[in-house]
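Reader: I would like a close look at a single part of this model. Please take the packing of the nonpolar core, then go on to whatever else helps.

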Amino acid sequence: MGNSDSKLNFRKAVIQLTTKTQPVEATEDAFWDQFWSDTTITVQDVFALVPAAEIRAVREESPSNLATLCYKAVEKLVQGAESGCPTEKEKQVVLNCARILTRILPYIFEDQDWRGFFWSTVPGAGHAGADELDDDDGARPLAESLLLALADLLFCPDFTVHSHRRSPDSVESMQSLDSCEYIWEAGVGFAQSPPLNYIHDLNRAELLRLLLTCFSEAMYLPPSTDSSVLNPWVTFFCSTENRHALPLFTSLLNVVCAYDPVGYGIPYNHLLFSDYREQLVEQAVQILIVTLEHDGGTPHPPASSSSIEEQEPTGPENLFVNYLSRIHREEDFDFVLKGLARLLTNPLTQTYLPHSTKKIQFHQELLVLFWKLCDFNKKFLFFVLKSSDVLDVLVPILYYLNDARADQSRVGLMHIGVFILLLLSGERNFGVRLNKPYSLHVPMDIPVFTGTHADLLIVVFHKIITTGHQRLQPLFDCLLTIIVNVSPYLKSLSMVAANKLLHLLEAFSTTWFLFSVTQNHHLVFFLLEAFNNIIQYQFDGNCSLVYAIIRKRNVFHQLANLPSDPASIQKALQKKKKSPDAISRTSSQETVSMEGSHPAAPAEPGTLKASLVAIPGIDKLTEKSQVSEDGSMVSIPKTDSPHVVRSDQSTAAATSDTESNSGRDNEDVFYTEAEMERRRLSTASSTSLWAPTPEWILSWKCKLPLQTIMRLLQVLVPQVEKICIDKGLTDESEILKFLQHGTLVGLLPVPHPILIRKYQANAGTAMWFRTYMWGVVYLRNVDPPIWYDTDVRLFEIQRM
């Protein structure tokens, strides 16, 4: 039968289903078989031939027919899982049923009355026959039968895995098969790499697509911070009920981390053959990120220093999370980290060898997976930071941040990148690693500089803050917190990076910027804290920064003498009306960008984006830890009133004002972006809500940690001026040489304790990750467009 005939017959069956007002009995196999017995229809055909309007019509007008279609399709999958699909026809029936269910499920989820349908039990339904009921309580809910059948089918010899049969006659029983021997790819916990078989890859991808669709019920529930509401599909699939949970988790992780898009080592090879593995890798990474959910209510136990194996044997109920958190062999960590770094770097190599490799598109999913690995497995986090391998993840993240800074449709990518760096910056080793010289030549739209990875990070952050779009302002606190966290460990900043930091201070300390929003002064506190850390703990190698501070000394004097009288406040606010832009875009000695780089571009008109919920304020995102003499960290309990300053005015106390109640305390309230935009505009119009007062300015001005810098200026400025007069110098290098050999030992205030703000998980960020991750999954599945035009509630789809 030709393809056009197949499509015609399938379409006829669909029309019959939508026009039959009478229920069709489940026993009428001749009718139901029309949907899956035909061998030549693709998933794209199914989407084209089953229009949304018709699915909704059947759902409303003949619900029993829709129910029977689902039952019969699941029943076919269960039969295939039991028989092992020995014939081509059976394999085809399984794939067709999977395609039909992928098409229909979103329409079941979008209707509240139907959502429970797959979890109800109907005697005999979903089983091969009513007479051979399972030994347990009889009928399983349809959802459970479907999920277990999919798990079995993913380890089905000659269908989704290689057969291990000795002779053609022997049969591998699906019931007794040990799927741990059939893991899809070598890597964690498995040594053999099975030969590539593109048919198996295609079949796995079709079944994983249906699995992802099952899990997507989460998209149809509105955002909520109640972490005890778990996704029933994920909970069941990742429970001990699924005997394939371990080999499937391992297969998914290994397939992703072993993937090499370079066409297996031969440049330009990807142009010669279609890479079936890529589609599988995309599905695998999406399944991993949506199944790795926190258990409701209880965050995972902190990893003790002993081996992970010794934790209470139970661990998280979700077996995928459980297995992920228990990976502990060095070679496993190495395999995972190298694989993720290779894939994250892939789009960068594209830029200097165009078309030499296949450009992957799933870097956002990879970043979420990396985040979850660090979050659920602290040993992995420490492994990442143990060597300079962490820089192989840092550079691509900085590349993505810089590249997406002007594109409003990629604001989620900006957040996940910054969150990962915030998490890493809470560990001392990250700051230490940043001192490694940066020698890569990835074309990036940033000034050319010679220096370390720390310089790269600062230059990119400066670019984001000064030339990114407006929606990135909530991230400024996070960006500067990262700089403060690493500052005590930075041995030698380049002149370019030093100038960038001072330019930020200059921009943030203008009166109109400080007086226009209640929390803008926090940004000045963060920068001063970073300068203090470098001066107190890394003075010797940082003559460029000291020189930059001396050159811009008037900025510090202006801050110390910040006016707070009503007339000055008025004058500052008048200025704001003239220049509404957030940060002065004046060039900070803007140098030429790197060769071969493209400017960061805004979103193309018509680009779709998924909305995100607001992120909690930095005081909710982090908790403060103090670094003690031996380098260990002690967390500082939160005080009730962050405004109380001890009388000795020590920096440690003074910095607490950085986290004053920023008006974003109520983290249980989530707004869609449209709502946030409305709020922003309404606060802008009715300035009556908040206006700066002299008392308010004085309340934080007195806590500005300027003592160390003022003392430095007091000692060094006269010396530098004297050199210039004596030697008639205008030459920077002589002054830098002097500063390099200078010392302030005994002249500075007693060094303050180092404060690190470590990322801490909370309901707000968990919710943010859920909406971001599902938004990515929605937008990345366009062929076929699984969820397009269905009534998702977790986020809004907006057109740029």
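Author: Contact here means heavy atoms within 4.5 Å. This is a predicted model.

Start with the core. The largest nonpolar core holds 253 residues. Phe35, Phe118 and Trp774 touch the most other members. Helix α6, residues 88–109, gives this core its largest share, 12 residues.

Now take Phe118. Residues up to four places away in sequence are not counted. Phe118 then touches Cys70 and Val74. Leu101, Leu105 and Ile108 are also touched by Phe118. Pro141, Leu142, Ala143 and Leu146 are further contacts of Phe118. Trp233 completes the list for Phe118.

Next, the strands. Strand β6 spans residues 754–759 and is mostly covered. Five of its six residues are buried. Strand β4, residues 622–627, runs antiparallel to β6. Six bridges join β4 and β6. One bridge can be named: Ser625 has Ile756 in β6 as its partner.

Last, Leu385. This residue sits in helix α15, residues 378–386. Is Leu385 buried or exposed? Buried means under 20% relative accessible area. Leu385 has 2% relative accessibility, so Leu385 counts as buried. Its contacts, leaving aside neighbours within four places in sequence, are Val390, Leu424, Glu427, Asn429, Phe430 and Arg433. Look at Glu427 in particular. Leu385 and Glu427 lie 42 residues apart in sequence. In space, their C-alpha atoms are 8.1 Å apart.

Conventions
Residues are numbered from 1 along each chain as its sequence is written. This is a predicted model: local features need pLDDT of at least 70, side-chain atom pairs count only at pLDDT 80 or more; totals for chains, interfaces and linings use all residues. Side-chain values use heavy atoms; hydrogens and water are left out. A nonpolar core is a set of buried Ala, Val, Leu, Ile, Met, Phe, Trp, Tyr and Cys residues joined through side-chain atoms within 4.5 Å. Buried means under 20% relative accessible area, exposed over 50%, partly exposed in between (1.4 Å probe, protein chains only). Helices (H or I, at least four residues) and strands (E, at least two) are DSSP runs, numbered from the N terminus. Two strands pair if DSSP finds at least two bridges between them.
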